[in-house]
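Colleague: I would like to learn how to read a model like this one, feature by feature, with the general idea stated before the particular case. Could we begin with a helix and its surroundings?

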Amino acid sequence: MTSWLTLIGIGEDGALAPGGRDALDQADLVYGGKRHLALANVPAGTETRSWPSPFADVYEDLKQLSGKNVAVLASGDPMWFGIGASLLRHFPAGEMRVLLSLSAFQLAAARMGWSLQESECLSVHGRPVDMVRAALYPGARILLLTSNSDTPRQVADILADEGYGRTELTVLEHLGGASERIVRGTAEGWSHAVADLHTLALNVIADPNVRFRGRTAGLADDAFRHDGKMTKQDIRAATLAELKPYPGALLWDIGAGCGSVAIEWLRAADRTQAIGLEPNAGRRQMAADNALALGVPHLELKDASAPEGLADLPEPDAVFIGGGLTAPGIVAAAMDALKAGGQLVANAVTLESEAVLLEAYQTLGGNLKRLSVQKASAVGSLTGWRPQMTVTQWSVTKS
């Protein structure tokens, strides 16, 4: 397969990736942002095009150029939160050649004196800033690609809200260029004006007695807004253990309620996705609010019930049925849709739902167990155990 499309990393100083100058000299057409086109010194007579609006039009435009020698200019490393990953969704890897420059993360780590492999590298460029919430922990070092000059203020507000107001913020503007500048401050005292083009470094410092939220399953129930209809903390932890989240996997959460299981799934591993089906408008709103507050605003919520609402959804890697088990055909529909090797987990608290799980267990195998939790509470002036509602759980791996 011929490589007709070349991605060329370019630095803020106009330096091209190794091999980039030859690629530009041989190109019939060069695509890039206006700033990159000006920095790259494109040969006279070579056609140039800046990014269209809307940006998504570029993919169809490039398809029409197949067979020509096309170069695309991109900041730093196009494969790290850059256009490279987007292009690979539209063009085979064999048609592309990628020439890398230093990434913004590498430059920022060097300026900060941080070990890159021990830093969290994230992007909120064109994404909700609330995603930062899920990455916070005492002592974290976070390098963040941002959208504009207002992002540091938004991040500072989130840090203060989460109990990390003493966190040290460092804005690294125009890294590697003539206009490079470093601005420092704290989250609780941030008031600096900065350039749109920057990388943000966070040295995360917890306030005294901060309530830290880990990413392992089992957040406290009061981390969620709910109306009592939710999978409680201990059962939720056991449920996530059976669902087995892993990077990039998609969960269907049927009867999502306040979103607790789907939200913990999204927090548990990178690039996870979740679709929650919830016909109750109030609970959908609670789930959306909880997802935002817990750093996973990309939870997708649908006003639908199963099995009818499962039609046309993308194929899941795991399915959780937390409600609606007595709807005819729900287990069969979920199993049919599940990928081979995927996990299905269903929880029941009523005898009618238990009967559905018993039949599924007898027909499809898997594991059937009962989960019971008791918590200590006051009994007059003394202390005793109060049992929570027993949950029957069925889990199975699709062969």
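Colleague: What covers the buried residues of α8?

Modeller: Helices (H or I, at least four residues) and strands (E, at least two) are DSSP runs, numbered from the N terminus, and a residue is called buried under 20% relative accessible area, exposed over 50% and partly exposed in between, with a 1.4 Å probe and protein chains only. Here the cover of the buried residues of α8 includes α7, β11, β12 (273-277), α9 (281-293) and β14 (318-321), where cover is a matter of contact, that is, heavy atoms within 4.5 Å. This is a predicted model, in which local features need pLDDT of at least 70 and side-chain atom pairs count only at pLDDT 80 or more, while totals for chains, interfaces and linings use all residues. Residues are numbered from 1 along each chain as its sequence is written, and side-chain values use heavy atoms, with hydrogens and water left out.

Colleague: Why is α8 described as largely enclosed by the rest of the structure?

Modeller: Eight of its nine residues are buried, so α8 counts as largely enclosed. The buried residues are Ser260, Val261, Ala262, Ile263, Glu264, Trp265, Leu266 and Arg267, a list in which the charged Glu264 and Arg267 appear beside nonpolar residues such as Val261 and Leu266.

Colleague: Where does lysine 244 lie, and which residues does it touch?

Modeller: Lysine 244 sits in the loop between α7 (233-243) and β11, and because its relative accessibility is 44%, it counts as partly exposed. Setting aside residues up to four places away in sequence, it touches Trp265 and Gln343, and Trp265 is one of the buried residues of α8. Although lysine 244 and glutamine 343 are 99 residues apart along the chain, their C-alpha atoms are separated by 7.6 Å. The side chain of lysine 244 also reaches the backbone oxygen of glutamate 242 at 3.4 Å, which is a polar contact, meaning a pair of N or O atoms within 3.5 Å; within protein, one must be able to donate a hydrogen and the other to accept it, and residues adjacent in sequence count only if both atoms are side-chain atoms.

Colleague: Is serine 119 buried or exposed, and what does its side chain reach?

Modeller: Serine 119, in the loop between α5 and β6 (120-123), is buried because its relative accessible area is 9%. Its side chain reaches the backbone oxygen of serine 115 at 2.9 Å, and beyond its neighbours within four places in sequence it is in contact with Trp114, Arg141 and Leu143.

Colleague: And arginine 211: with which side chain does it make a polar contact?

Modeller: Its side chain makes a polar contact with the side chain of aspartate 222, at 2.6 Å. Arginine 211 is found in the loop between β10 and α7 and is classed as exposed because its relative accessibility is 55%. Apart from neighbours within four places in sequence, it is in contact with Ala220 and Asp222.

Colleague: How should I read the largest pocket, and which residues are closest to its centre?

Modeller: On a 1 Å grid over the protein atoms alone, a pocket is an open set of points where a 1.4 Å probe fits, with protein on both sides within 12 Å along at least five of seven lines, and lining residues have an atom within 4 Å of a point. Grid points are joined across faces, edges and corners, and the volume is the space filled by probe spheres set on the points. The largest pocket has a volume of about 1400 Å³, and of its 45 lining residues the closest to the centre are Ser75, Phe81, Gly82, Leu145 and Leu197. The elements α2 (34-40), β4 (70-75), α4 (83-88), α5 (104-112) and β10 (198-203) each supply at least two lining residues, and α2, with four residues, gives the largest share.

Colleague: How many residues line the second largest pocket?

Modeller: That pocket is lined by 36 residues, with Lys229, Met230, Gly322, Gly323 and Val349 nearest its centre. Two or more lining residues come from each of β11 (250-254), α8 (260-268) and β15 (343-348), and the space inside is about 950 Å³.

Colleague: Finally, how many bridges join strand β17 to strand β18?

Modeller: Two strands pair if DSSP finds at least two bridges between them, and here β17 (residues 374-379) and β18 (residues 382-387) run antiparallel with six bridges. Valine 379 has leucine 382 as its bridge partner, and in this hairpin, with two residues between the strands, glycine 380 takes a positive phi near 65 degrees.
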